[in-house]
Amino acid sequence: AYEESPAQIIRNMASIGFDLAGWVKKKLLCFHSVRPTLYGLEHHLVIIHKLTEQFRPDCVVMDPVTNLTSIGDEKEIISMLARVIDYLKQAGITTVFTNLTKDGSMIEKTEVGISSLMDTWLLLRQDEAAGDRKRSLYLLKSRGMAHSNAVREFKLSGKGIQLEGSK
């Protein structure tokens, strides 16, 4: 995590029905939270390798990769993230990256230029209509599998993430 502490993430996820604290206590979930500016890109890469070797996860989440722009230029970040992706793919580890957009933009690419490296791309956005904000998501791409092109509204509640119109 490049922005929030583990305590913040656990609290925020609990508000939508996800008990991450239980998984941490069982040693089935591990957080590593650090500001990107604490180290250079190469050091972050080394830490990811070390943590992956120690914890042996099935999934790694990097949130948000956009914050790496504070310590490197686009080419350096793409190179570092390509190495992370290659390493985790070779290890058979599912990887989730989050990317923040600026000023409510609806871009379908990342600030750090890694969209072409992704196998699956979910786009989350907020729309405003008649004074209401609505969250929606759609699957922009998913290599090697059929997928819906529908834009779906979703809501966050104490019961989790609920797609509107789903059964």
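A residue is described here as buried when its relative accessible area is under 20%, as exposed when that value is over 50%, and as partly exposed in between. In the predicted model examined here, cysteine 59 falls in the intermediate class, because its relative accessibility is 39%. Cysteine 30 is likewise assigned to the partly exposed class, in this case on the basis of a relative accessibility of 40%. A search of the whole structure returned 0 disulfides. A disulfide is a covalent bond between the sulfur atoms of two cysteines. For cysteine 30, the closest cysteine sulfur belongs to cysteine 59 and lies 13 Å away, a separation too far for a bond, given that a pair of sulfur atoms must lie within 2.5 Å to be counted as a disulfide. Cysteine 59, correspondingly, takes part in no disulfide, the nearest cysteine sulfur being that of cysteine 30.

The stretch that begins with strand S1 contains a parallel strand pair. Strand S1, comprising residues 59-62, is paired with strand S2, comprising residues 94-97, in the parallel sense, and 4 bridges are found between them. Within this pairing, valine 61 has valine 96 of S2 as its bridge partner. Together with helix H4, which spans residues 74-90, S1 and S2 make up a β-α-β unit that is right-handed.

Two backbone features are associated with the loops on either side of S1. In the loop between helix H3 (41-55) and S1, arginine 56 adopts a phi near 55°, a positive value in a residue other than glycine. Arginine 56 counts as exposed, because its relative accessibility is 60%. In the loop between S1 and H4 lies proline 64, which is joined to aspartate 63 by a cis peptide bond with omega at about -25°.

A second arrangement of strands is an open sheet of 4 strands, which follow one another in the order S3-S4-S5-S6 with antiparallel pairing. The edges of this sheet are formed by strand S3 (120-129) and strand S6 (160-163), each of which pairs on one side only. On average, and with direction ignored, neighbouring strands of the sheet are turned by 35° against each other. Strand S5 (residues 152-157) and S6 run antiparallel and are joined by 4 bridges, and lysine 155 is bridged to glutamine 162 of S6.

Within the sheet, serine 136 is located in strand S4 and is classified as buried, because its relative accessible area is 5%. The side chain of serine 136 makes a polar contact of 3.4 Å with the side chain of aspartate 127. When residues up to four places away in sequence are not counted, serine 136 touches Leu123, Leu124, Arg125 and Asp127, as well as Val151, Arg152, Glu153 and Phe154.

The loops that follow S3 and S4 each hold a residue of note. Alanine 130 is placed in the loop between S3 and strand S4 (132-142), and its phi is positive, at about 55°, although the residue is not a glycine. The relative accessibility of alanine 130 is 83%, and the residue therefore counts as exposed. Arginine 143, by contrast, is found in the loop between S4 and S5 and counts as partly exposed, because its relative accessibility is 43%. A polar atom of the side chain of arginine 143 lies 3.0 Å from the backbone oxygen of methionine 118, although the two residues are 25 residues apart in sequence and their C-alpha atoms are 8.7 Å apart in space. Leaving aside neighbours within four places in sequence, the contacts of arginine 143 are with Ser116, Leu117, Met118 and Asp119.

Strand S5 also includes serine 157, which is partly exposed because its relative accessibility is 22%. The C-alpha atoms of serine 157 and isoleucine 16 are 5.0 Å apart in space, whereas the two residues are 141 residues apart in sequence. Neighbours within four places in sequence being left aside, serine 157 is in contact with Ser15, Ile16 and Gly17, and also with Gln162. The last of these residues, glutamine 162, is the residue of S6 that serves as the bridge partner of lysine 155.

Note on methods:
Residues numbered from 1 in each chain as written. Predicted model: local features only at pLDDT ≥ 70, side-chain atom pairs only at ≥ 80, totals over all residues. Heavy atoms only, no water. Pairing = 2+ DSSP bridges. Right-handed = clockwise from strand over helix to strand, strands pointing away. Axes fitted to C-alpha atoms, helices over the stretch in contact; angles between N-to-C directions. Buried < 20%, exposed > 50% of the residue type's maximum accessible area, 1.4 Å probe, protein only. Contact = heavy atoms within 4.5 Å. Polar contact = N/O pair within 3.5 Å; in protein donor to acceptor, adjacent residues only side chain to side chain.
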